[in-house]
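Reader: I have the coordinates open and would like to practise reading them with you. Could we go through them feature by feature?

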Amino acid sequence: MGSTSSSSGRPAGARDRDTEGRARNARPRDGLGRPLPYGADGVPRQPEGVPRTPRQTVAEAQALLDEGKPFHAHEVFEDAWKSGPRAERGLWRGLAQLAVGLTHAARGNATGGARLLRRGADAVGEWSAATGRPDPYGMDLTGLEAWARELAADVEGAEDGERGADVERAAGPVVDAARRAPRLRGAG
């Protein structure tokens, strides 16, 4: 029995693998991390496993957020979460959840976006309370919590027919990721 191939020219059911044999989706992605067809022009992906200092992590994530690429910022936070000190994993995981929440809101997934924004806000708030560190690496965790809760409410309000700030209605409420990007280090 012969194998059929997919429209990508790869055998049907074949999985993309990295050089070490781990499954990796090699499809190009758009600025919000959505997969595009093989062969399409996409946004360069964030490399995984890049060692960064916490301040480099914050600066790189902020630049990506400012460009309207919260999915890519989430990958930067995920590196810190997976490779950083155990005592800081809750902080970086919470920040990754905030970035993914913004990603979902920008994709029009109001329910998932609001849920992840609140989960991330809870995580950074709990981490700050447990450690007594409201401003690690110059970040304003209190401001980030407030930003996330406000955006979650705006997205849910738009879904219910009430237009939130900077939230447009298409197939679902859609947030302009660059305009609604958080300031990790506060307004200053």
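Reader: Let's start with the rings. How many aromatic pairs does the count come to?

Author: Keep in mind that this is a predicted model. The count comes to two aromatic pairs. One of them joins Trp-92 and Tyr-137, with 6.1 Å from centre to centre and 20° between the planes. Planes under 30 degrees apart count as stacked, so this pair is stacked.

Reader: Which parts of the chain does that pair link?

Author: Distant ones: Trp-92 belongs to helix 3 (residues 89-107), while Tyr-137 is in the loop between helix 4 (110-131) and helix 5 (141-159). The two are 45 residues apart. Both Trp-92 and Tyr-137 are buried.

Reader: Which residues form the aromatic cluster, and what lies over the face of Tyr-137?

Author: Phe-77 joins Trp-92 and Tyr-137 in one aromatic cluster. The face of Tyr-137 has Arg-133 over it, 5.5 Å from the ring centre.

Reader: On to helices. What span should helix 2 have?

Author: A helix can be checked against its expected rise per residue. Helix 2 (residues 70-83) has 14 residues, and at 1.5 Å a residue it should span 20 Å. Its end C-alpha atoms are 20 Å apart, so the model agrees with that expectation.

Reader: Is helix 2 mostly covered or mostly open?

Author: Helix 2 is mostly covered, with 10 of its 14 residues buried. Among the buried ones are Phe-71, His-72, His-74, Val-76, Phe-77 and Asp-79. Helix 1 and helix 3 are included in what covers these buried residues.

Reader: What does the general geometry of an α-helix tell me when I look along one?

Author: There are 3.6 residues a turn in an α-helix, so residues three or four places apart point the same way.

Reader: Now a charged residue. Is Arg-52 buried or exposed?

Author: Begin with the relative accessible area, then look at the partners. Arg-52 has a relative accessible area of 17%, and buried means under 20%, so Arg-52 is buried. Its place is in the segment before helix 1 (54-66).

Reader: With which side chains does the side chain of Arg-52 make polar contacts?

Author: One is the side chain of Glu-60, at 2.7 Å. Another is the side chain of Asp-79, at 3.0 Å, and Asp-79 is one of the buried residues of helix 2. Leaving out residues up to four places away in sequence, Arg-52 also touches Gln-46, Pro-47, Thr-57 and Val-76.

Reader: What about Leu-91: where does it lie, and what is it in contact with?

Author: Leu-91 lies in helix 3 and is buried, with a relative accessible area of 0%. Setting aside neighbours within four places in sequence, Leu-91 is in contact with Val-124, Trp-127, Pro-136, Met-139 and Leu-141. Leu-91 and Ala-80 are 11 residues apart in sequence and 9.4 Å apart in space, C-alpha to C-alpha.

Reader: And where is Asp-154?

Author: Asp-154 is in helix 5. This residue is buried too, with a relative accessible area of 15%. From Asp-154 to Val-175 there are 21 residues in sequence and 9.3 Å in space, again C-alpha to C-alpha.

Reader: Last one: where is the pLDDT below 50?

Author: Take the whole chain before its parts. The mean pLDDT is 85, and 78% of the residues reach 70 or more. Over residues 1-6, however, the pLDDT is below 50, and this stretch has eight contacts beyond near neighbours in sequence. Where pLDDT is low, the predicted coordinates should not be read in detail.

Methods: Residues numbered from 1 in each chain as written. Predicted model: local features only at pLDDT ≥ 70, side-chain atom pairs only at ≥ 80, totals over all residues. Heavy atoms only, no water. Phe/Tyr/Trp six-rings, centres within 6.5 Å; stacked < 30°, edge-to-face > 60°. Helix = DSSP H or I, 4+ residues; strand = E, 2+ residues; numbered from the N terminus. Buried < 20%, exposed > 50% of the residue type's maximum accessible area, 1.4 Å probe, protein only. Lys NZ or Arg CZ within 6 Å of the ring centre and 35° of its normal. Polar contact = N/O pair within 3.5 Å; in protein donor to acceptor, adjacent residues only side chain to side chain. Contact = heavy atoms within 4.5 Å. pLDDT = per-residue confidence, 0-100. Expected span 1.5 Å × (residues − 1).
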